[in-house]
Amino acid sequence: NALIIIGVGVFGGLSFTGFAFTFLNDYLAQDKGMTVQESTLICTALNVGVCISVVASGFLAQEIYNHSRRSVGLLMGLTMLATLIPLLYLIYLPTPSSLVAVCGVALVLGLLHCVARPSYRALLINVNFPETRGTALALLKVGRSFGPGLIALLIYGGWSRVVAFTWVCVVGVTATALALGAVFFTVETDEDALQTALAEGRTTSEPGGDRAHRG
């Protein structure tokens, strides 16, 4: 629970929302010499990858979960870490570059980044009491606004765009991947503990909390 919230909610928005969704279009057009139409096409390829991944990864993660609950953590962590390759390629994109190749890299970035999304949302539901699930899911959105703001602050403080993008992406992806990967060690214990508590009639994380309400 805490691993997912910290990894995704705090660091998850640095690389993808912070760079890819907020600055990539402008960066390609202004710093990499592409036309607005070309940079927009690349961002479209990125979003297509996201859409495909959200649907397909849900089925993939379910199959892996049915086989081994712990392995979902490895799936999330490894695919998140792999997003560093296309992210750094886009940041240090050589000019001129093949538009088809860049679109392909953006598509792969979208595919890799969103593999974890259906899994960590489902896991948060599986390890939280019903009354706290909404709060846990809401905390995931913190990083979405934190990422763009941090990048803007770094650039305002004198960092070049390339250095700011690189630092934020490396730190954000690495921290998120480690946190999601660490779910491998905790998911079975957390899920079993919740099921035991629910079977005992508890609806809060505090022992005897439900009985206290009835009293």
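Here is a short tour of a predicted model, with three stops to select in your viewer.

Residues count from 1 along each chain as its sequence is written. Local features need pLDDT of at least 70 and side-chain atom pairs pLDDT 80 or more, while totals for chains, interfaces and linings use all residues, and side-chain values use heavy atoms, leaving out hydrogens and water.

**Stop one: residues 36–67.** This is helix 3, 32 residues long (helices are DSSP runs of H or I, at least four residues, numbered from the N terminus). From first C-alpha to last it reaches 46 Å, close to the expected 46 Å (1.5 Å times one less than its number of residues). Now zoom in on S57, the centre of a kink of about 30 degrees (the angle between axes fitted to the seven residues ending there and the seven starting there). S57 is also one of the buried residues of helix 3, along with S39, I42, C43, A45, L46, G49, V50, S53 and A61 (buried is under 20% relative accessible area, 1.4 Å probe, protein chains only).

**Stop two: residues 84–91 and 161–181.** Helix 5 and helix 10 pack at about 175 degrees, axes 10 Å apart (lines fitted to C-alpha atoms over the stretch in contact, angles from 0 to 180 degrees between N-to-C directions). So helix 5 runs roughly antiparallel to helix 10 (over 145 degrees). Show side chains: L84, L87, L88 and I91 of helix 5 meet V162, F165, T166, C169, V170, V173 and T174 of helix 10 (heavy atoms within 4.5 Å).

**Stop three: L124.** Find L124 in helix 7, residues 117–127. L124 counts as buried because its relative accessibility is 1%. Add I4: its C-alpha is 7.6 Å from that of L124, though the two are 120 residues apart along the chain.

Methods
Helices (H or I, at least four residues) and strands (E, at least two) are DSSP runs, numbered from the N terminus. Buried means under 20% relative accessible area, exposed over 50%, partly exposed in between (1.4 Å probe, protein chains only). Angles under 35 degrees count as roughly parallel, over 145 as roughly antiparallel, 65 to 115 as roughly perpendicular and the rest as oblique.
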